[in-house]
Amino acid sequence: MMRPRAIPRTRGMSPSEGAAHWLVIHDSRPLNPGEEAEFAAWIADSGNAEAWRSANNAMAVFDFDSGHDANLRALRQAALEAQPVPKVRPAFVLGALAASVLALIAVGTAMHQVATEGGRKGAETRIAASAPDSGAQSTPGSLEYSTRAGERRTIRLADGTSVTLNTRSRLIVAFTEKRRVVRLASGQALFEVAHDRNRPFAVIAADRQITALGTVFEVRVDPGRVNVVLFQGRVVVDRVPDAAAGSAAVPLAPTILQPGQGFSAELGTPQKVGAVDVERQLLWRDGFVEFDDEPLGRAVAEINRYSSHPITLNDDGVAALHVSGVYRTGAPGQFIDAIQGILPVEAHPTTDGNVELSLGKHP
(Lines give C-alpha, C1' and ligand atoms only; values in the text may rest on other atoms or scores of the structure.)
Protein backbone atom coordinates (compact mmCIF):
# COMPACT_ATOMS: atom_id res chain seq x y z
CA MET A 1 0.00 0.00 0.00
CA MET A 2 1.47 3.30 -1.09
CA ARG A 3 1.60 6.14 1.40
CA PRO A 4 0.06 9.41 0.27
CA ARG A 5 2.67 12.07 -0.47
CA ALA A 6 3.08 14.67 2.25
CA ILE A 7 1.57 18.01 1.34
CA PRO A 8 4.17 20.81 1.61
CA ARG A 9 3.33 23.07 4.52
CA THR A 10 4.04 26.12 2.40
CA ARG A 11 1.41 25.20 -0.23
CA GLY A 12 -0.94 28.11 -0.69
CA MET A 13 1.46 30.55 0.99
CA SER A 14 2.84 33.58 -0.78
CA PRO A 15 6.65 33.71 -1.12
CA SER A 16 6.82 36.18 1.79
CA GLU A 17 4.68 33.96 4.00
CA GLY A 18 6.77 30.95 3.08
CA ALA A 19 9.95 32.84 3.88
CA ALA A 20 8.59 33.79 7.30
CA HIS A 21 7.57 30.16 7.88
CA TRP A 22 11.06 28.85 7.13
CA LEU A 23 12.76 31.69 9.01
CA VAL A 24 10.93 30.72 12.18
CA ILE A 25 11.93 27.06 11.82
CA HIS A 26 15.59 27.84 11.00
CA ASP A 27 15.77 30.22 13.95
CA SER A 28 14.30 27.72 16.42
CA ARG A 29 15.83 24.32 15.63
CA PRO A 30 17.66 22.22 13.00
CA LEU A 31 15.59 20.99 10.07
CA ASN A 32 14.82 17.29 9.96
CA PRO A 33 15.58 15.37 6.70
CA GLY A 34 12.03 15.80 5.39
CA GLU A 35 12.10 19.54 6.07
CA GLU A 36 15.53 19.88 4.46
CA ALA A 37 14.19 18.32 1.26
CA GLU A 38 11.07 20.49 1.39
CA PHE A 39 13.11 23.64 2.00
CA ALA A 40 15.45 22.81 -0.90
CA ALA A 41 12.47 22.33 -3.22
CA TRP A 42 10.84 25.54 -1.99
CA ILE A 43 13.93 27.73 -2.36
CA ALA A 44 14.64 26.37 -5.86
CA ASP A 45 11.85 28.67 -7.06
CA SER A 46 13.36 32.06 -7.95
CA GLY A 47 10.47 33.99 -6.37
CA ASN A 48 10.82 32.07 -3.12
CA ALA A 49 14.61 32.51 -3.15
CA GLU A 50 14.21 36.27 -3.52
CA ALA A 51 11.67 36.35 -0.67
CA TRP A 52 14.05 34.32 1.52
CA ARG A 53 16.92 36.70 0.78
CA SER A 54 14.74 39.74 1.51
CA ALA A 55 13.50 38.22 4.77
CA ASN A 56 17.04 37.56 5.97
CA ASN A 57 18.13 41.03 4.88
CA ALA A 58 15.33 42.61 6.88
CA MET A 59 15.95 40.51 9.97
CA ALA A 60 19.66 41.37 9.78
CA VAL A 61 18.77 44.98 10.57
CA PHE A 62 17.60 43.85 13.99
CA ASP A 63 20.43 41.35 14.46
CA PHE A 64 23.17 43.94 13.99
CA ASP A 65 21.53 47.09 15.33
CA SER A 66 19.03 46.14 18.00
CA GLY A 67 21.63 46.10 20.77
CA HIS A 68 22.35 49.80 20.25
CA ASP A 69 18.88 51.20 19.59
CA ALA A 70 16.13 51.08 22.20
CA ASN A 71 13.38 51.39 19.58
CA LEU A 72 14.70 48.44 17.60
CA ARG A 73 15.05 46.36 20.74
CA ALA A 74 11.47 47.08 21.75
CA LEU A 75 10.15 46.45 18.24
CA ARG A 76 11.90 43.11 17.91
CA GLN A 77 10.95 42.02 21.42
CA ALA A 78 7.30 42.86 20.82
CA ALA A 79 7.20 40.71 17.70
CA LEU A 80 9.05 37.79 19.27
CA GLU A 81 6.78 37.83 22.31
CA ALA A 82 3.63 37.70 20.18
CA GLN A 83 3.22 33.98 20.83
CA PRO A 84 -0.06 32.10 21.44
CA VAL A 85 -0.92 30.39 24.71
CA PRO A 86 0.95 27.09 25.29
CA LYS A 87 -2.07 24.81 24.80
CA VAL A 88 -2.45 25.70 21.12
CA ARG A 89 -1.32 22.98 18.71
CA PRO A 90 2.27 23.32 17.37
CA ALA A 91 1.13 24.04 13.79
CA PHE A 92 -0.84 27.05 15.01
CA VAL A 93 2.05 28.15 17.21
CA LEU A 94 4.32 28.13 14.16
CA GLY A 95 1.73 30.01 12.12
CA ALA A 96 1.33 32.69 14.74
CA LEU A 97 5.07 33.11 15.08
CA ALA A 98 5.40 33.37 11.31
CA ALA A 99 2.74 36.07 11.26
CA SER A 100 4.70 38.00 13.88
CA VAL A 101 7.89 37.57 11.90
CA LEU A 102 6.12 38.82 8.76
CA ALA A 103 5.28 42.04 10.56
CA LEU A 104 8.85 42.33 11.81
CA ILE A 105 10.20 41.71 8.30
CA ALA A 106 8.02 44.47 6.88
CA VAL A 107 9.49 46.98 9.33
CA GLY A 108 13.02 45.64 8.88
CA THR A 109 12.74 45.89 5.08
CA ALA A 110 11.75 49.53 5.28
CA MET A 111 14.58 50.32 7.69
CA HIS A 112 17.04 48.37 5.56
CA GLN A 113 16.04 50.37 2.48
CA VAL A 114 16.61 53.63 4.32
CA ALA A 115 19.96 52.44 5.71
CA THR A 116 21.28 51.34 2.32
CA GLU A 117 19.94 54.17 0.16
CA GLY A 118 23.13 56.16 0.45
CA GLY A 119 25.23 53.17 -0.56
CA ARG A 120 23.18 52.65 -3.74
CA LYS A 121 24.50 55.87 -5.24
CA GLY A 122 28.03 54.52 -5.58
CA ALA A 123 29.59 51.98 -7.86
CA GLU A 124 28.29 48.45 -8.41
CA THR A 125 28.28 46.19 -5.37
CA ARG A 126 30.61 43.29 -5.95
CA ILE A 127 33.19 41.30 -4.05
CA ALA A 128 35.74 43.85 -2.84
CA ALA A 129 38.54 44.22 -5.36
CA SER A 130 40.77 45.92 -2.79
CA ALA A 131 42.04 44.45 0.47
CA PRO A 132 39.05 42.61 2.00
CA ASP A 133 39.55 44.03 5.48
CA SER A 134 39.66 47.65 4.35
CA GLY A 135 36.14 48.42 5.56
CA ALA A 136 35.70 45.96 8.42
CA GLN A 137 35.60 47.81 11.72
CA SER A 138 35.13 46.53 15.24
CA THR A 139 32.01 47.77 17.02
CA PRO A 140 31.39 48.39 20.74
CA GLY A 141 31.11 45.05 22.51
CA SER A 142 32.78 43.06 19.72
CA LEU A 143 35.93 40.98 20.08
CA GLU A 144 38.77 40.85 17.58
CA TYR A 145 41.33 38.12 16.93
CA SER A 146 44.19 38.17 14.43
CA THR A 147 47.30 36.31 13.31
CA ARG A 148 50.63 37.48 11.90
CA ALA A 149 52.43 36.11 8.85
CA GLY A 150 53.14 32.41 9.42
CA GLU A 151 51.08 32.24 12.61
CA ARG A 152 48.20 29.82 13.29
CA ARG A 153 45.91 30.31 16.26
CA THR A 154 42.98 28.36 17.69
CA ILE A 155 40.44 30.22 19.81
CA ARG A 156 37.28 29.11 21.58
CA LEU A 157 34.34 31.49 21.43
CA ALA A 158 31.88 32.08 24.25
CA ASP A 159 29.35 29.62 22.77
CA GLY A 160 31.90 26.79 22.60
CA THR A 161 32.64 27.19 18.88
CA SER A 162 36.29 26.51 17.98
CA VAL A 163 37.94 28.72 15.35
CA THR A 164 41.38 28.06 13.88
CA LEU A 165 42.85 31.12 12.17
CA ASN A 166 45.46 30.68 9.45
CA THR A 167 48.21 33.13 8.55
CA ARG A 168 47.41 36.87 8.21
CA SER A 169 43.81 36.49 9.35
CA ARG A 170 41.48 38.85 11.19
CA LEU A 171 38.20 37.85 12.82
CA ILE A 172 35.62 40.14 14.45
CA VAL A 173 33.10 38.47 16.77
CA ALA A 174 29.82 40.25 17.53
CA PHE A 175 27.33 37.85 19.10
CA THR A 176 23.80 39.06 19.79
CA GLU A 177 21.02 37.66 21.93
CA LYS A 178 19.44 35.86 18.97
CA ARG A 179 22.31 35.23 16.54
CA ARG A 180 25.99 34.41 16.54
CA VAL A 181 27.67 36.63 13.95
CA VAL A 182 31.37 36.86 13.10
CA ARG A 183 33.13 38.71 10.30
CA LEU A 184 36.21 37.25 8.63
CA ALA A 185 37.81 40.51 7.55
CA SER A 186 40.82 38.83 5.96
CA GLY A 187 42.59 35.51 5.74
CA GLN A 188 41.34 32.00 6.36
CA ALA A 189 39.54 30.28 9.23
CA LEU A 190 38.20 26.84 10.10
CA PHE A 191 34.96 26.93 12.12
CA GLU A 192 33.83 24.00 14.28
CA VAL A 193 30.45 25.39 15.27
CA ALA A 194 28.86 24.50 18.60
CA HIS A 195 25.24 23.48 18.04
CA ASP A 196 22.65 25.95 19.31
CA ARG A 197 19.22 25.57 17.76
CA ASN A 198 18.14 28.95 19.10
CA ARG A 199 21.04 30.91 17.60
CA PRO A 200 22.26 30.27 14.04
CA PHE A 201 25.94 30.90 13.41
CA ALA A 202 26.76 33.28 10.55
CA VAL A 203 30.12 34.21 9.04
CA ILE A 204 30.32 37.42 6.98
CA ALA A 205 33.11 37.29 4.39
CA ALA A 206 33.31 40.14 1.85
CA ASP A 207 29.82 40.22 0.28
CA ARG A 208 28.82 36.68 1.29
CA GLN A 209 27.13 35.34 4.41
CA ILE A 210 27.60 31.70 5.44
CA THR A 211 24.98 30.42 7.90
CA ALA A 212 25.34 27.16 9.81
CA LEU A 213 23.87 25.13 12.65
CA GLY A 214 26.40 22.81 14.32
CA THR A 215 28.78 22.44 11.36
CA VAL A 216 32.47 22.25 10.39
CA PHE A 217 33.48 24.50 7.51
CA GLU A 218 36.26 26.74 6.25
CA VAL A 219 36.14 30.27 4.83
CA ARG A 220 38.92 32.10 3.02
CA VAL A 221 38.90 35.74 1.92
CA ASP A 222 41.35 37.09 -0.66
CA PRO A 223 41.16 40.37 -2.58
CA GLY A 224 38.30 39.87 -5.02
CA ARG A 225 37.54 36.30 -3.97
CA VAL A 226 35.68 34.28 -1.31
CA ASN A 227 35.97 30.50 -0.88
CA VAL A 228 33.91 28.25 1.40
CA VAL A 229 34.55 24.52 1.98
CA LEU A 230 32.14 22.33 3.96
CA PHE A 231 33.51 19.34 5.87
CA GLN A 232 30.56 18.36 8.03
CA GLY A 233 26.89 19.34 8.37
CA ARG A 234 25.29 21.87 6.06
CA VAL A 235 25.66 25.57 5.33
CA VAL A 236 23.76 28.16 3.31
CA VAL A 237 25.79 30.74 1.37
CA ASP A 238 24.02 33.97 0.45
CA ARG A 239 24.80 37.62 -0.20
CA VAL A 240 25.03 39.83 2.86
CA PRO A 241 22.27 42.47 3.13
CA ASP A 242 24.26 45.54 2.08
CA ALA A 243 25.70 43.81 -0.98
CA ALA A 244 22.34 42.36 -2.04
CA ALA A 245 20.80 45.82 -1.95
CA GLY A 246 23.22 47.28 -4.47
CA SER A 247 21.43 48.77 -7.44
CA ALA A 248 23.43 46.75 -9.95
CA ALA A 249 23.69 43.51 -7.97
CA VAL A 250 22.03 40.52 -9.59
CA PRO A 251 19.80 38.61 -7.11
CA LEU A 252 21.19 35.15 -6.45
CA ALA A 253 19.46 32.16 -4.92
CA PRO A 254 21.08 30.98 -1.68
CA THR A 255 23.51 28.10 -2.19
CA ILE A 256 23.22 25.04 0.07
CA LEU A 257 26.49 23.11 0.39
CA GLN A 258 26.85 19.41 1.14
CA PRO A 259 29.91 17.91 2.91
CA GLY A 260 32.86 17.72 0.54
CA GLN A 261 31.71 20.64 -1.56
CA GLY A 262 33.38 24.01 -2.06
CA PHE A 263 31.89 27.37 -3.01
CA SER A 264 33.86 30.03 -4.88
CA ALA A 265 32.87 33.60 -5.76
CA GLU A 266 35.46 35.61 -7.65
CA LEU A 267 35.36 39.13 -9.02
CA GLY A 268 34.15 39.14 -12.63
CA THR A 269 33.28 35.43 -12.83
CA PRO A 270 30.14 33.39 -12.02
CA GLN A 271 30.10 31.75 -8.60
CA LYS A 272 30.90 28.04 -8.62
CA VAL A 273 30.17 24.95 -6.50
CA GLY A 274 32.14 21.72 -6.87
CA ALA A 275 33.73 18.74 -5.15
CA VAL A 276 36.82 19.43 -3.00
CA ASP A 277 39.68 17.23 -1.76
CA VAL A 278 39.06 17.86 1.93
CA GLU A 279 42.30 16.27 3.16
CA ARG A 280 44.33 18.48 0.86
CA GLN A 281 42.25 21.49 1.87
CA LEU A 282 43.16 21.05 5.55
CA LEU A 283 46.90 20.59 5.11
CA TRP A 284 47.46 24.17 6.30
CA ARG A 285 46.48 23.15 9.84
CA ASP A 286 49.63 20.99 9.93
CA GLY A 287 51.84 23.62 8.32
CA PHE A 288 51.82 22.38 4.73
CA VAL A 289 50.43 23.39 1.34
CA GLU A 290 50.02 21.21 -1.76
CA PHE A 291 50.22 22.28 -5.40
CA ASP A 292 48.93 20.18 -8.27
CA ASP A 293 50.33 21.46 -11.58
CA GLU A 294 49.91 25.02 -10.30
CA PRO A 295 51.44 28.03 -12.10
CA LEU A 296 54.55 29.10 -10.21
CA GLY A 297 53.14 32.62 -9.88
CA ARG A 298 50.16 31.34 -7.89
CA ALA A 299 52.30 28.94 -5.87
CA VAL A 300 54.68 31.72 -4.86
CA ALA A 301 51.75 33.95 -3.90
CA GLU A 302 50.51 31.18 -1.59
CA ILE A 303 53.94 30.62 -0.05
CA ASN A 304 54.26 34.38 0.49
CA ARG A 305 51.11 34.40 2.64
CA TYR A 306 53.13 32.70 5.38
CA SER A 307 56.29 34.82 5.25
CA SER A 308 57.27 38.40 6.02
CA HIS A 309 60.05 38.08 3.40
CA PRO A 310 58.18 37.52 0.13
CA ILE A 311 59.66 35.76 -2.87
CA THR A 312 59.55 37.92 -6.01
CA LEU A 313 59.40 36.77 -9.63
CA ASN A 314 61.24 38.16 -12.63
CA ASP A 315 59.03 39.20 -15.55
CA ASP A 316 60.87 36.84 -17.92
CA GLY A 317 58.06 34.26 -17.92
CA VAL A 318 59.13 32.29 -14.86
CA ALA A 319 55.67 32.76 -13.31
CA ALA A 320 54.14 30.61 -16.08
CA LEU A 321 56.10 27.48 -15.13
CA HIS A 322 54.05 24.82 -13.34
CA VAL A 323 54.83 23.15 -10.04
CA SER A 324 53.48 20.20 -8.04
CA GLY A 325 54.22 18.78 -4.61
CA VAL A 326 53.73 19.31 -0.88
CA TYR A 327 55.69 22.12 0.77
CA ARG A 328 56.08 23.41 4.31
CA THR A 329 54.55 26.82 4.98
CA GLY A 330 56.66 29.47 6.66
CA ALA A 331 59.84 28.07 5.09
CA PRO A 332 60.40 30.01 1.85
CA GLY A 333 64.06 28.94 1.72
CA GLN A 334 63.08 25.26 1.58
CA PHE A 335 60.56 26.03 -1.16
CA ILE A 336 63.20 27.89 -3.22
CA ASP A 337 65.69 25.04 -2.86
CA ALA A 338 63.09 22.49 -3.94
CA ILE A 339 61.95 24.57 -6.93
CA GLN A 340 65.52 24.99 -8.18
CA GLY A 341 65.87 21.22 -8.15
CA ILE A 342 62.86 20.52 -10.36
CA LEU A 343 62.40 23.62 -12.53
CA PRO A 344 64.72 25.68 -14.76
CA VAL A 345 64.87 28.59 -12.32
CA GLU A 346 67.59 30.50 -10.53
CA ALA A 347 67.39 32.37 -7.23
CA HIS A 348 69.04 35.76 -6.80
CA PRO A 349 69.19 37.92 -3.65
CA THR A 350 67.62 41.36 -3.96
CA THR A 351 68.76 44.66 -2.51
CA ASP A 352 65.99 44.57 0.10
CA GLY A 353 67.11 41.22 1.47
CA ASN A 354 64.56 39.05 -0.30
CA VAL A 355 64.96 36.52 -3.12
CA GLU A 356 63.93 36.78 -6.77
CA LEU A 357 63.32 33.79 -9.04
CA SER A 358 64.10 34.00 -12.73
CA LEU A 359 64.39 31.58 -15.65
CA GLY A 360 67.63 29.65 -15.72
CA LYS A 361 69.15 26.49 -17.05
CA HIS A 362 67.54 23.18 -16.20
CA PRO A 363 69.78 21.19 -13.84
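The side chains of R305 and E302 meet in a salt bridge, with N and O 2.9 Å apart. Both of these residues are buried. They also belong to a wider network, in which salt bridges that share partners join R220, D222, R225, E302 and R305. The model described here is a predicted one.

**Salt bridges**

The count of salt bridges in the structure comes to 12. Three of the pairs are listed below, with the N to O distance of each.

| Pair | N to O distance |
|---|---|
| R305 and E302 | 2.9 Å |
| R148 and E151 | 3.7 Å |
| E294 and R298 | 3.9 Å |

In the pair R148 and E151, R148 counts as exposed because its relative accessibility is 62%, over the cut-off of 50%. E151 has a relative accessible area of 21% and is therefore partly exposed. In the pair E294 and R298, E294 is partly exposed, with a relative accessible area of 21%, while R298, at 58% relative accessibility, is exposed.

**The second largest pocket**

This pocket has a volume of about 1,200 Å³. Its lining is made up of 36 residues, and those nearest its centre are R220, R225, N227, R280 and Q281. Two of the names, R220 and R225, also appear in the salt-bridge network described above. The elements that give two or more residues to the lining are β8 (216-222), β9 (225-232), β12 (261-266), β13 (272-275), α7 (278-281), β14 (288-295) and α8 (296-304). Of these, β14 gives the most, with five residues. By class, the lining divides into 15 nonpolar, seven polar and 14 charged residues.

**The cavity**

How many cavities of 30 Å³ or more does the structure hold? There is one. The largest cavity has about 40 Å³ of space. It is lined by 10 residues, of which R208, V237, D238, R239 and Q271 are the closest to its centre. Strand β10 (residues 235-239) gives the most to this lining, with three residues. The lining has five nonpolar, two polar and three charged residues.

**Helix α2**

Helix α2 spans residues 33-43, and its buried residues are E35, E38, F39, W42 and I43. These residues lie on the same side of α2, because they cover an arc of only 120° around the axis. P33 and A41, on the other side of α2, are exposed. The N-terminal end of α2 is capped by N32, which has a side-chain oxygen 3.1 Å from the backbone nitrogen of G34.

How values were computed:
Residues are numbered from 1 along each chain as its sequence is written. This is a predicted model: local features need pLDDT of at least 70, side-chain atom pairs count only at pLDDT 80 or more; totals for chains, interfaces and linings use all residues. Side-chain values use heavy atoms; hydrogens and water are left out. Buried means under 20% relative accessible area, exposed over 50%, partly exposed in between (1.4 Å probe, protein chains only). Helices (H or I, at least four residues) and strands (E, at least two) are DSSP runs, numbered from the N terminus. The arc is that of the directions from the helix axis to the C-beta atoms. A polar contact is a pair of N or O atoms within 3.5 Å; within protein, one must be able to donate a hydrogen and the other to accept it, and residues adjacent in sequence count only if both atoms are side-chain atoms. On a 1 Å grid over the protein atoms alone, a cavity is a set of points where a 1.4 Å probe fits but cannot get out, and a pocket is an open set with protein on both sides within 12 Å along at least five of seven lines; lining residues have an atom within 4 Å of a point. Grid points are joined across faces, edges and corners, and a volume is the space filled by probe spheres set on the points. Ala, Val, Leu, Ile, Met, Phe, Trp, Tyr, Cys and Pro count as nonpolar, Asp, Glu, Lys and Arg as charged, and the others, Gly among them, as polar. A salt bridge is a side-chain nitrogen of Lys or Arg within 4 Å of a carboxyl oxygen of Asp or Glu.
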